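Student: Can we go through this one together, strand by strand and ring by ring?
Tutor: Sure, have a look first.

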Amino acid sequence: MDNNVIFSVILVTVRVLLPLLAIIIVYQIFASMRRHTRDNKPLIMLLNKYTKEQIPVLCWENSVGRSRSNDIVINDPTVSRTHIVLLRRDKGWLITDIDSKAGVLVNGKKVSERAKVFIDDEIKIGNTVLVIHQGTDYSKKNLQVKYHKEPIAPFKLLMMITFFHLLMTFGACYSTDITNFQPFIPFGIFTALSWTMFGVSMLIMNRVTFEMESLAIFLSGIGVIMLCRQNIHSCYTQIITCAIGMIAFLILIKFIEDPDRITKWRFVIMGIAVGFLLMNMAFGHLRGGEQNWIQIGGFTIQPSEFVKIAYIFVGASSLDILLTRKNLMEFIIFTAICIGALFFMGDFGTALIFFVTFLMISFMRSGDFKTLILALAAAVFGGTIVLRFKPYVANRFKTWGHALQYAQTGGYQQARVLTYIASGGLFGVGIGNGCLKYVAASESDLVFGLISEEMGFLMAVIIAVSIVALVFYSRAVTTRSRSTFYSISACCTAGLLVFQAGLNIFGATDVLPLTGVTLPFISAGGSSIISCWALLAFLKAADEKTYAAKRRRTKAISKYEEEPDDEDFDEDYDDE
């Protein structure tokens, strides 16, 4: 058999293997994430002094009041709808009065701000008196997790991802018109970066799991190697920004390990975010109708990508802070500033992402549909004004759903995407062999079409599913979160990434108007990749296993006992 024929068969085999291997990798990542169940033994018990009802406390943060939306419901009309918050922290339990009418008494003394409580203390809210009892002791035996099946070892998972990227690189070296081994250079650099990240996380920072980082490395590597045959300079830039994103991820994980630290820094973070937006409005360059780029030397940055991180910080908080009216007003004002600035800059795609994130945070904070309805009404009004005074936005809506009809004008990009997705079939034409790469923004706004054409529609769907699965993971993992900050930030981060991916995918394929947002972790763009890696820290932190190697066994102690030192609380209950 001719050598060229044999080689062609090998390349086709690689194209078929890639999506099959990707399915295995994505399955192993999310299967490992889910193989951890929450222990439902109570942390402490609350005894109603008069009714003798015993109430188990299962969470680190608990709202207490007569409303059914509370974690602990007290059937007493003299108790406020949300009366107090009961918090668990490293050195014991705390309670906070949430602007209640009757106030809170601990052992007969009124408290207003956070106050420590101990075993046998009596907490009076309204006409109800709750006595704190010790719950089941959280020994290492009690916290040990039983798996139906052992999760894949992080080392093996990263080996699979590296092999996947190697196959991609091999395919990228060969095309119908040229053989070029240059892609092996960025592959080697990115692989070294990935394993360095593994070493820092697992060996230096003593993390228990590596699935979330593995998913980001898997997706980021696809974006890097796709750029090898398109723009080698952009490829190296993407690797550098991946490294910066990984560093941001590690720093952020460390920073948010204490929920109370976040509250102290909220206003600083809010001020920095507003400063970014003001700087953008003052010095931003106009590109594609959007004034959302700042030129620094030979690089451009997109400040709104970093404001996404600050927005999650400000929107989420510990439960006792979150339930105050003051905190809510601060968040609404900050939201108005962010969305207003983005509208002024013409970045309507990012403004829409912020708005949807606002809806998610608002609902998770209150569960109130009235707030969402009012916000949606305001959005419809704002959208009408935009369509009236921004003709280029109206033109996008004009071609929406009719890309092939306007294939040479307003629907040029979407028409090419649809055509080349069809030509790519299930397994693609090979990396570097596509034609969409000659269309503007193919490596960023249209990257879903580029992957579909060169790696196949099956591979593109697997990538989309891996991002969507973050929502289901975040929903499951928030039941194990130590703070509402982790719960809200994780769910809203996952929702933000999925919504952004949806705008990118459906905009490029003419299901929605083209908004010009990136596909998380895949699209070329330094600001975007840094932001995605940093946002991933919120998802990582929500899993109780994240800080397992350093977790303190916090128990309620009697006020007659000597409060132990930090060392006395230290008990590694690493669940692996």
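Student: Which residue in β10 does V104 stand opposite?
Tutor: Before that, note that this is a predicted model, where local features need pLDDT of at least 70, side-chain atom pairs count only at pLDDT 80 or more, and totals for chains, interfaces and linings use all residues. Residues are numbered from 1 along each chain as its sequence is written, and side-chain values use heavy atoms, with hydrogens and water left out. Strands are DSSP runs of E with at least two residues, helices are runs of H or I with at least four, and both are numbered from the N terminus. V104's partner in β10 is I125.

Student: And how many bridges pair β7 with β10?
Tutor: Two strands count as paired if DSSP finds at least two bridges between them. Strand β7 covers residues 104–106, and its pairing with β10 is antiparallel. The number of bridges is three.

Student: What stands opposite I125 on the β11 side?
Tutor: β10 (residues 122–125) and β11 (residues 128–134) run antiparallel, joined by four bridges. They make a hairpin with two residues between them, and G126 in the turn has a positive phi of about 65°. K124 stands opposite V129, while I125 faces T128.

Student: Which β10 side chains are buried?
Tutor: Buried means under 20% relative accessible area with a 1.4 Å probe, protein chains only; exposed is over 50%, and partly exposed is in between. The side chains alternate along β10, with E122 and K124 pointing to one face and not buried. Pointing to the other face, the buried ones are I123 and I125.

Student: Which strands stand at the edges of the sheet?
Tutor: The sheet is open, has six strands with antiparallel pairing, and runs in the order β2-β1-β11-β10-β7-β8. Each edge strand has a single partner, so one side of it is left without a neighbour in the sheet. The edges are β2 (54–57) and β8 (109–111).

Student: Now the rings: what is the angle between the planes of F164 and F218?
Tutor: Phe, Tyr and Trp rings (the six-membered one for Trp) pair if their centres lie within 6.5 Å; planes under 30 degrees apart are stacked, over 60 edge-to-face, and the rest tilted. The structure holds 18 such pairs. F164 and F218 form a tilted one, 5.1 Å centre to centre, with planes at 55°.

Student: Why does that pair tie together parts that are apart in sequence?
Tutor: F164 lies in helix α3 (residues 154–172) and F218 in helix α5 (residues 211–228), so the pair links parts of the chain separated in sequence. F164 counts as buried at 0% relative accessibility, and F218 does too, at 0%. The separation is 54 residues.
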